[in-house]
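Please walk me through this structure in an order that lets one part lead to the next. I would like to begin with pairs of strands, go on to a sheet and end with the space enclosed inside.

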Amino acid sequence: MKTSPKTQSVNVLFLPVVNATEIQEVVFQKKGIRKTNDLTSVEISVKEAREVASLGGGVEGLLKSLPSVNSNSELSSQIMVRGGNYDENLIYINDVELYRPFLIRNSLQEGMSIINPDMVGMINFSAGGFEPRYGDKMSSALNIYYRQPEKFELSGEASLIGGRLTTGFASKDKKFTGLVSARYRNTNLVLNTLNEDTDFNPRYMDLQTYLNYQFNEKWSLSFLGYYAKNDYQMVPKQKEVDFGSLLQPLRLTVFYNGQEDDQYKNMMGTVSVNFKPSKKWQFSLDNFAYQNREREYYSLASGYILEAFDEEGNPVAGYDAGGQIDHARNDLLVRVAGSQFRTRFSPDVNTDIEVGVKYERETIKDFTNEWQFVDSIGYSTPRDFVIPGNLDTSALNLKYYIAGQNHITPTRISAYAQFSKKFMWGSNKISVNGGARVQNWSFTKETLFSPRAQFAIKPDWDMDMLFRVSGGVYYQAPFYKEIKDLTGAFNSDIRAQKSYQIIIANDYEFKIGNNDNRKPFKLTTEAYYKKMENLIPYYLDNVRVRYAGKNNAEGYAYGLDARLFGQFVPGVDSWISASYARVYENIEGMGYIPRPTDQRFRFSMFYQDYMPKFPSMRVNLTLTYASGLPSGTPVLFDAAGLPDYLAAYRYQKTLPAYKRVDIGLTKVFIDQKDNKASGNFWGKFKELTLGVQIFNAFNINNTIANQWISDVNSSSQLYYPVPVRLTGRFFNVKLEFKL
């Protein structure tokens, strides 16, 4: 019987068990691997997630090679899935939901992913249509399970941009196990590839621990702890950007004064009690606490000159000069504490009934004081047009001013119930999963009800094919970002954004050649459609999502994803992904326009290879091509100080396509296969590798956003979109070991 490749499990594998009266179908699960019934879930290889060349240093680098995932910044671990923005994705570690920093506005500030690859044991990712036990978000769910070591181990990494050290241990009776890992990262060398004169000092560090104690066969206790501290300091001096076209080349020269000093501190602790009285019953109680402390301080003054050139490359005289002052003193404290109780009843190996309830107490303290002043030839903008020669009596206006002091302590209660069943329908294999979840948040006093269902059929055909259908009602439950409007106040009248989703998918497994011992190739194709209501318009600036604070839009999204997975080279997995996706919104009935995350076409590839005569020399390559995202105006206000939604219709530009190739070259000196070491010293090593990573191998100047520049001739209008570019080529050397 054919089986799916390990990294492509959709958990509908069956093995026959003979009874006295009938042949039943059962699910085979490896020991220690948690069972999932989500038919939309894709299992990602942990080994490949560690090896992929990624500046973020986390598993998200591999996620970005999937067809449904989009990202236009190599410095960010955040992802956009099927037209959704960065806030629409769920992240779990050991079934406990995590939160990302909220005030991050620039991918340079992000640092490391919260997920530590050294500690990961299993990765499940769903791009939509996921099961009821996952929370209320509109796009995706990423669930990470940390592993339990079986004996003492010590591993580490040292590179030009940081390092990590991880130790694991287990008692002789295997009842007590633990993992402790520390990481440090400084991307100063990478940021120096930017074409600007700036002093960077970005420092990121974290400490994670995962402890387990098995009292007996029925009771176990675990603790997961996390502490991270990101410091981002920047002193810009000068920047020069060449842009425009061959017919109209332009150059922007900016001189700076001031600095930026941001700090992000995240802490989390989870204590979980697990009780398994029998093979049929399983109970879990998770008690968790999370704190996020963020500070965003900057005062930057800049003056710029915008030059145009003639056909011979000589500057053209003009008055395109100006300046601006950007100022912020933003402080945020978010605390979340609560408990969740989950139970699973399995009357037989093919049936699961799951129920869960969660209570959370949230504290949000927000202080915002942020403004921007723009000057063009001595005049503040925006301002009314004045005929030259007449006296300008307009007031000195700020481009925008956002201020607020908010403190709320709401509670959030949620629950879910779902039923999963695998059975035979004639000679066809069927798998179903359905249920619903409900949530209430005391701040908005809104109750959400989200029914969801999944269905899969594996026909008894000569071709190995699996068909899947999933969908339901998915909400974007509001939190800090959604309730904060553009004045800086919290809006209790905001409603959850809502989407109706339907996904139709097909998995086709096949072999190439008759004498090939490689695993079957797998072609996965998915088509989806989302109808969205109660949308909150947002502005996307770099990686910051700033909501307008009003449910005054509707929209829809659709797309087609395809992925070919297999061993193009015997023994190592690779894949090719392609997708076409569109997402539109209609703000206040003014017509449909692309949302800021309108993906369009995307092609990516993750490829692994090795030298047949020298198998210890290995290479992995990640290639990405993505159509440019829409780049609309930044936050604009009308004369009454209200958001100017028409600006989104007036200033529609498209960024250049995102193109990038990252290459990882590795020399394996010691492993547990053909390169085992001996001796008193080297014999203690299980693994020892030396690698070279080439980031942005072709040194392509990708653009993440536009900076809108006004001149004296367009002082009341945004005129020139100046590209904000990403990092250039960078060579990193990495040494890894494991004892």
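In which sense do strand β13 and strand β14 pair, and over how many bridges? In this predicted model, strand β13, which covers residues 196-214, and strand β14, which covers residues 219-244, pair in the antiparallel sense over 19 bridges. One position to look for along this pairing is Asn201, which stands opposite Gln233 in β14. The link between β13 and β14 is a hairpin of four residues.

Strand β14 also pairs with strand β15 (residues 249-275), and here 23 bridges join the two strands, which run antiparallel. The passage from β14 to β15 is again made by a hairpin, through four residues, and Phe243 has Leu250 of β15 as its bridge partner. When following such strands residue by residue, it helps to keep in mind that in a regular strand the side chains alternate between the two faces of the sheet.

A second run of paired strands can be followed further along the chain. Strand β24 (residues 446-458) is joined to β25 by six bridges, the two running antiparallel, and a hairpin of five residues connects β24 to β25. Within this pairing, Phe455 has Val469 of β25 as its bridge partner. Strand β25 pairs as well with strand β26 (residues 497-510), in the antiparallel sense and over 13 bridges, and in that pairing Ser470 stands opposite Ile503 of β26. Why can strand β25 be described as largely enclosed by the rest of the structure? Strand β25 spans residues 464-476, and 11 of its 13 residues are buried, so the strand is largely enclosed by the rest of the structure.

An open sheet offers another arrangement to trace. Five strands form it in the order β3-β8-β9-β6-β7, and their pairing is mixed. At its edges stand β3 (42-44) and β7 (96-97), and because each has a single partner strand, one side of each is left without a neighbour in the sheet. The partnership of β6 and β7 is antiparallel and consists of two bridges, with Ile93 standing opposite Val96 in β7.

The interior can now be considered. By the rule applied here, the model contains 16 cavities of 30 Å³ or more, and the largest cavity has a volume of about 450 Å³. This largest cavity is lined by 28 residues, of which Asp87, Glu97, Tyr99, Lys137 and Phe479 are the closest to its centre. Among the elements that each supply at least two residues of its lining are β6 (89-93), introduced above as part of the open sheet, and also β19 (351-376), β22 (411-425), β23 (428-441) and α4 (480-483). What kinds of residue make up the lining of the largest cavity? The lining divides into 11 nonpolar, five polar and 12 charged residues.

These parts can finally be set within the chain as a whole, which has five helices and 41 strands. Of its 739 residues, 55% count as buried, and the chain exposes about 32,000 Å², of which carbon and sulfur atoms supply 58%. Among contacts between residues at least 6 apart in sequence, 69% join residues at least 24 apart.

Key. Residues numbered from 1 in each chain as written. Predicted model: local features only at pLDDT ≥ 70, side-chain atom pairs only at ≥ 80, totals over all residues. Heavy atoms only, no water. 1 Å grid on protein atoms, 1.4 Å probe; cavity = no way out; pocket = protein on both sides within 12 Å on 5 of 7 lines; lining within 4 Å. Points joined across faces, edges and corners; volume = space filled by probe spheres on them. Nonpolar A, V, L, I, M, F, W, Y, C, P; charged D, E, K, R; others polar. Buried < 20%, exposed > 50% of the residue type's maximum accessible area, 1.4 Å probe, protein only. Contact = heavy atoms within 4.5 Å. Areas by Shrake-Rupley, 256 points an atom, 1.4 Å probe, with all protein chains shown as cover. Pairing = 2+ DSSP bridges.
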